[in-house]
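Work through the exercises below with the structure open. Try each task before reading its solution.

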Amino acid sequence: MRRGGEVGFPEVTSLNALEQLIDALRCLPGVGQKSAQRMAYHLLQHDRAGAVRLSEALRAAGERVGHCDRCYTFSEAGLCEICQDEGRDARLLAVVETPADQAALERTGSYRGYYFVLQGRVSPLDGIGGREIGVSQLLERAQDGALEEVILATSFTAEGEATSHVLAQALRSRGIKATRLARGVPVGSELEYVDLGTIAHALVDRR
Ligand SMILES: [Zn+2]
């Protein structure tokens, strides 16, 4: 077995297992040193079985979950369940920022079309433009015969609005109808945190 510190093999870490766990937990959004510590202590003190379950679930998900070939949401198969469902309305395509936003739209029960999940959102300051978030894949997908309307369901944050603007321009310049969720959704909102009734209304009132 190779050990850290050998020639040509950088010292991987001098942290002990507890420190490594705390460090690893900090990769989660919103988790700083203190909460990572609390989680690690909790798992080791009160829930060893939970810790094992967590590590196995993480490994399995990391190995098995990929992206749908058609809509790019998370999927273990080449095509996700929604893309495989031929009973959906092929005239509609909703563009969302994340699989979580897709799930939020899906929970409203008022949308029966298909989806396209972006690879993030436009952020000029970080050098992330249309190309980086998958605009060419979207255009290709949107030129699929049966499609009549692309619904831009990006969030109502500054970056979500910028994303929607970039996509609308690209779609309309190719003669594809693009609509935007109505303004019922509060400004600054991530879709996944908006209540279902509001999303459903924003969907109906899209323009
Ligand atoms: Zn799919």
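**Exercise 1.** This is a predicted model. Which residue of strand 5 is the bridge partner of Leu 93?

*Solution.* Start with the two strands. Strand 3 covers residues 89-96 and strand 5 covers residues 149-152. They pair in the parallel sense, over four bridges. Now pick out the partner: Leu 93 bridges to Val 150 in strand 5.

**Exercise 2.** Place this pair in its sheet, and find the edge strands.

*Solution.* Four strands make up an open sheet, with parallel pairing. Their order is 4-3-5-6. Strand 4 (113-117) and strand 6 (178-180) each have a single partner strand, so they stand at the edges, with one side of each left without a neighbour in the sheet. From one strand to the next, the twist averages 30 degrees.

**Exercise 3.** Which strands does helix 8 lie across?

*Solution.* Locate helix 8 at residues 158-172. It lies across strand 3, strand 5 and strand 6. Its angle to strand 6 is about 160 degrees.

**Exercise 4.** Describe the site of the zinc ion.

*Solution.* First, list the donors. The SG atoms of Cys 68, Cys 71, Cys 80 and Cys 83 coordinate the zinc ion at 2.3 to 2.4 Å. Next, read their spacing in sequence: C-x2-C-x8-C-x2-C. Then check the geometry. The angles among the four donor atoms are 107 to 117 degrees, and the site is tetrahedral.

**Exercise 5.** Are Cys 80 and Cys 83 buried or exposed?

*Solution.* The cut-off for buried is under 20% relative accessible area. Cys 80 has 6%, so it is buried. Cys 83 is at 10% relative accessibility, so it also counts as buried.

How values were computed: Residues numbered from 1 in each chain as written. Predicted model: local features only at pLDDT ≥ 70, side-chain atom pairs only at ≥ 80, totals over all residues. Heavy atoms only, no water. Donors = N, O, S within 2.8 Å, 3.2 Å for Na, K, Ca; no water. Tetrahedral: all angles 85-135°; square planar, octahedral: opposite > 155°, others 65-115°. Buried < 20%, exposed > 50% of the residue type's maximum accessible area, 1.4 Å probe, protein only. Pairing = 2+ DSSP bridges. Axes fitted to C-alpha atoms, helices over the stretch in contact; angles between N-to-C directions. Contact = heavy atoms within 4.5 Å.
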